Amino acid sequence: LNYHAICAVCDSCMSEATLTLNERLFHPGATAENMYFVTLGRMHYDHKDPRLSTDVERGEWIAEPVLWMKWYYCGTLEAD
């Protein structure tokens, strides 16, 4: 594998965001463009079906389907 090529792909495909408490990252119905990884702290995903609401913690991710298909966010993700 070419180390420089891998670094170039990672640099162009990934970015970092810092959120404040209760700041919203996405809302229901918005066109999904990103998958998110929680690297510090915790996020809360709120879905209209309470069984699907959950906390997303360090080391976890959310919105993976955006990698494989056209996707719309189905709930709200906020910094917790």
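**Exercise 1.** Does Thr76 count as buried or exposed, and at what relative accessibility?

*Solution.* Bear in mind throughout that the structure shown is a predicted model. Begin by placing the residue: Thr76 belongs to strand β6, which covers residues 75–79. Next, recall the cut-off, which is that a residue is called buried when its relative accessible area is under 20%. The relative accessibility of Thr76 is 13%, and therefore Thr76 counts as buried. Finally, look at the surroundings of Thr76, where, once neighbours within four places in sequence are left aside, the contacts are Arg24, Phe26, His27, Pro28, His44, Tyr45 and Asp46.

**Exercise 2.** Find which residue forms a salt bridge with Glu78, and explain what the pair ties together.

*Solution.* The first step is to identify the partner, which is Arg24, with the closest N and O atoms 3.5 Å apart. This distance meets the requirement for a salt bridge, because the side-chain nitrogen has to lie within 4 Å of the carboxyl oxygen. The second step is to locate both ends: Glu78 is in strand β6 whereas Arg24 is in strand β1, so the pair ties together parts of the chain that are 54 residues apart in sequence. The third step concerns accessibility, where Glu78 is partly exposed at 24%, and Arg24 is likewise partly exposed at 49%.

**Exercise 3.** How many salt bridges are counted in the model, and where do Asp80 and Arg42 lie?

*Solution.* The count comes to three salt bridges. One of them joins Asp80 to Arg42, whose closest N and O atoms are 3.2 Å apart. This pair links distant parts of the chain, since Asp80 is in the segment after β6 and Arg42 is in strand β3, 38 residues apart. Asp80 has a relative accessibility of 41% and counts as partly exposed, and Arg42, at 36%, is partly exposed as well. Another salt bridge brings together the side chains of Arg51 and Asp49, with 2.7 Å from N to O. Here Arg51 has a relative accessibility of 74%, and so it counts as exposed.

**Exercise 4.** Describe how strands β3 and β4 are arranged, and name the bridge partner of Met43 in β4.

*Solution.* Start with the extent of each strand: β3 runs over residues 42–47 and β4 over residues 54–57, and the two pair in the antiparallel sense over four bridges. Then consider the connection, for the two strands form a hairpin with six residues between them. The bridge partner of Met43 is Val56.

**Exercise 5.** Work out whether Met14 and Met35 are buried or exposed, and describe the surroundings of each.

*Solution.* Take Met14, which sits in the loop between α1 (3–13) and β1 (24–26). Its relative accessibility is 52%, and because exposed means over 50%, Met14 counts as exposed. Together with Phe37 and Trp61, Met14 forms a nonpolar patch on the surface, with about 370 Å² of accessible area in total. Now turn to Met35, which is placed in the loop between β1 and β2 (36–37). Met35 counts as buried, because its relative accessibility is 18%. Not counting residues up to four places away in sequence, Met35 touches Trp61, Ile62, Ala63, Glu64, Val66 and Leu67. As a last step, compare sequence with space: Met35 and Pro65 are 30 residues apart along the chain, while their C-alpha atoms are 7.9 Å apart.

Definitions and conventions: Residues are numbered from 1 along each chain as its sequence is written. This is a predicted model: local features need pLDDT of at least 70, side-chain atom pairs count only at pLDDT 80 or more; totals for chains, interfaces and linings use all residues. Side-chain values use heavy atoms; hydrogens and water are left out. Patches are made of residues with over 30% relative accessible area and no salt bridge: like charges are joined within 9 Å, nonpolar side chains (Val, Leu, Ile, Met, Phe, Trp, Tyr) within 5 Å. Accessible areas come from the Shrake-Rupley method with a 1.4 Å probe; for residues, only the protein chains shown count as cover. Buried means under 20% relative accessible area, exposed over 50%, partly exposed in between (1.4 Å probe, protein chains only). Contact means heavy atoms within 4.5 Å. Two strands pair if DSSP finds at least two bridges between them.
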